[in-house]
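Open your viewer and get ready to select a few residues and elements, one stop after another. At each stop you will read what to pick and what you should find there.

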Amino acid sequence: MTSRIACAMVASMVTIGIAAASTRAKDPSPRPTLVVGIFVEGLTADYVNLLRSNFGPDGFNRLIVDGVTIENIDYGPGIDATAATAMLVSGAAPAVNGIPSARVWDTSKRIDYPVLLDAESIGSFTEQAMTPAPLLVSTLADEVRISDGGLGVVHAIAADPQVAILLGGHAGNSSFWISDITGKWTTSRHYRETPSPIARRNVGFNLPVRIDTMAWEPALELSLYPDLPEYKKLYPFRHTFPSRQADRFKIFKTSAPANREIAATAVDYISTLSLGKRGVTDMLSLGFNVCPYLYGRDADNRIETMDAYVRLDADIAGIIRAIEKGPGMDKTLFFVAGTPAPAGGKRDEEKWNIPSGQFSPRKAVSLLNMYLMAIHGNGEWVSGYHNGYFYLNRQLLKERGIKDSDMRREAADFLARMSGVSDVYTLDDILARRAGDTPSALRRNISATHAGDLLVMVNPGWEISDEIDGQTVNIEQSSLPVVRWQATTSPIYIMAPSLSAGEITERVDARAIAPTIARQLRIRSPNAASVSPLLLDK
């Protein structure tokens, strides 16, 4: 009897011990008290992998060694950095979130304008009036604020105003960007707070005073940059931003020194605002840029691009060091996400004999209008062109009793025969998922509110001759955008206390990123995030 009781007691203790161990194994790790998200326009996994030996231990190398690497984020076709940023922070595509591109077309005024423009809003230190209102859904930043009842703070910093506002979301405490006009940090009336680091930089350490002395030169010996032809190793670049340059702040914002400006400001935020040290979750989102630099004399800008990566790596390392001195990386969710670079670039030199041509949207609009007048009578049947789309005059169609879909088919047949046009998709085919190589992806990446009637695909190598940033330009006086069809790989690197190092090489839907980050924070996903989160936990 005694031995049976003893065995029963031992068995009971073992069972209790196993149950306790099981309970301990299921205990969640502490929720991060700081989220730092870095969004980098033009970032590719190819360049990161190429330059790893040139990076230090605390930037990209640390993210790759200690975090989860997702090499290929799939945004679908026709997405620029602004739309991609909206997709990342909302978990929704343009058809749902309302942000199809950086600029959209006003069919009544027949001009293009920034998608976040609000004519009733007045910015501080700037003429730009921006608001998050056109973003129709909630974002990660909003959900972070809501999760702690507004006790957590959310700040955003970027060179580009629209990226900064998308990162700040609807409920953010502050969102600041560098003004194209004054070079100072500026914001929208939508945001009520001006953090002390911004106030100091705009008064005592402002960029307009310092920019004349800035120069962007290689950070490394030229021989250390891989895959450069020998002639490129002989002549180091040097870019400055003198006061005589009318667009110097706009140009500066596309350079590596602008990234340094943003990173230094971010370090000030972390160190002076006690982010992540108050028992609630705070969020700091940053917008950077490593796109090919278009303001040099040489069309081959590989060395500037690689140098931008090397400098960005140092900037990321500096931010991580600031976090370690603050709340600590053991309390921080840190991620770096790439967004697509602008399509196109400079034309190759004539000596290479690359087939090319010039497609003039202005001439195409005129010819299409004359063709439709010959069939349907006098009238301005075509109201404009923007970002690949032709817009028909729907008011005139209504007055003449012509079905929109019938006119679109007629216009598509005509445009398809023009030189330089490889394909034309009508809005009807796009909405019905009958257009393009990936019809469903093309459909979800348009906003029906902003989309034109016909989407024209221009041959690779051809120049879009008279539309740059929505303005007509003189062909002889400008470097024209050149069409390039190429798939880009946009990676994301995520590091958090609950994650083991790993790598995902399969294509991942960009809409999965917001719910994945939300899952790590144990908060609800943005309200339009319909894709399941990735399961990355240890």
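**Stop 1: a loop residue**

Start by selecting Thr-182, which sits in the loop that links strand S6 (174-178) to strand S7 (185-186). Keep in mind that this is a predicted model. Is Thr-182 buried, partly exposed or exposed? With a relative accessibility of 27%, Thr-182 counts as partly exposed, because the partly exposed class runs from 20% to 50%. Now add Arg-248 to your selection and draw a C-alpha to C-alpha distance: Thr-182 and Arg-248 are 10.0 Å apart in space, with their positions 66 residues apart in sequence.

**Stop 2: strand S6**

Step back along the chain from that loop and select S6. Here 5 of the 5 residues are buried, so S6 is largely enclosed by the rest of the structure. Turn on the side chains to see how they alternate: Ser-174, Phe-176 and Ile-178 point one way, Ser-175 and Trp-177 point the other way, and all are buried.

Which strand pairs with S6 in the parallel sense? Select strand S5 (residues 154-158), which pairs with S6 over 4 bridges. To find one of the partners, pick Ala-156 and look across to Ser-175 in S6.

**Stop 3: the whole chain**

Zoom out for a moment and show everything as a cartoon. The protein chain holds 18 helices and 20 strands. Of its 538 residues, 53% count as buried. If you switch on a surface, the chain exposes about 24,400 Å², and carbon and sulfur atoms supply 52% of that area. Among contacts between residues at least 6 apart in sequence, 71% join residues at least 24 apart.

**Stop 4: two helices that cross**

Next, select helix H8 (residues 196-203) together with helix H11 (residues 256-272). Their axes come within 9 Å and cross at roughly 135°. H8 and H11 are therefore oblique to each other. To view the contact itself, show Ser-196, Pro-197, Ile-198, Arg-200 and Arg-201 on H8, and on H11 show Glu-261, Ala-264, Thr-265, Asp-268, Tyr-269 and Thr-272. Colour them by class and you get 4 nonpolar, 3 polar and 4 charged residues in the contact of H8 with H11.

**Stop 5: a four-stranded sheet**

Move on to an open sheet of 4 strands, ordered S13-S14-S16-S15 and paired in the antiparallel sense. Which strands stand at the edges? They are strand S13 (382-386) and strand S15 (421-426); each has a single partner strand, so one side of each is left without a neighbour in the sheet. Neighbouring strands in this sheet are turned by 20° against each other on average, direction ignored.

Two helices pack on this sheet, and both are worth adding to the view. Helix H13 (residues 361-376) touches S13 and strand S14 (389-392), and its direction makes about 155° with that of S13. Helix H15 (residues 404-415) touches S14, S15 and S16, and its direction makes about 175° with that of S15.

Now walk across the strands:

- S13 and S14 run antiparallel and are joined by 4 bridges; His-386 stands opposite Tyr-389 in S14.
- The hairpin of S13 and S14 has 2 residues between the strands, and Asn-387 takes a positive phi near 55° there.
- S14 and S16 are antiparallel too, over 2 bridges; the partner of Phe-390 in S16 is Leu-454.
- S15 and strand S16 (residues 454-458) are joined by 5 bridges, and Val-421 has Val-458 as its bridge partner in S16.

Pause on S14 and show its side chains. Tyr-389 and Tyr-391 lie on one side, Phe-390 and Leu-392 on the other, and all are buried, so both faces of S14 are covered.

**Stop 6: two arginines with positive phi**

Finish with a pair of backbone details. Select Arg-110, in the loop between strand S3 (103-106) and strand S4 (111-114). Its phi is near 60°, a positive value in a residue other than glycine. Arg-110 counts as partly exposed, at 28% relative accessibility.

Then go to Arg-433, which lies in the loop between helix H16 (427-431) and helix H17 (439-444). Arg-433 has a positive phi of about 60° although it is not a glycine. With a relative accessible area of 45%, Arg-433 is partly exposed.

Conventions:
Residues numbered from 1 in each chain as written. Predicted model: local features only at pLDDT ≥ 70, side-chain atom pairs only at ≥ 80, totals over all residues. Heavy atoms only, no water. Axes fitted to C-alpha atoms, helices over the stretch in contact; angles between N-to-C directions. Parallel < 35°, antiparallel > 145°, perpendicular 65-115°, else oblique. Contact = heavy atoms within 4.5 Å. Nonpolar A, V, L, I, M, F, W, Y, C, P; charged D, E, K, R; others polar. Pairing = 2+ DSSP bridges. Buried < 20%, exposed > 50% of the residue type's maximum accessible area, 1.4 Å probe, protein only. Areas by Shrake-Rupley, 256 points an atom, 1.4 Å probe, with all protein chains shown as cover.
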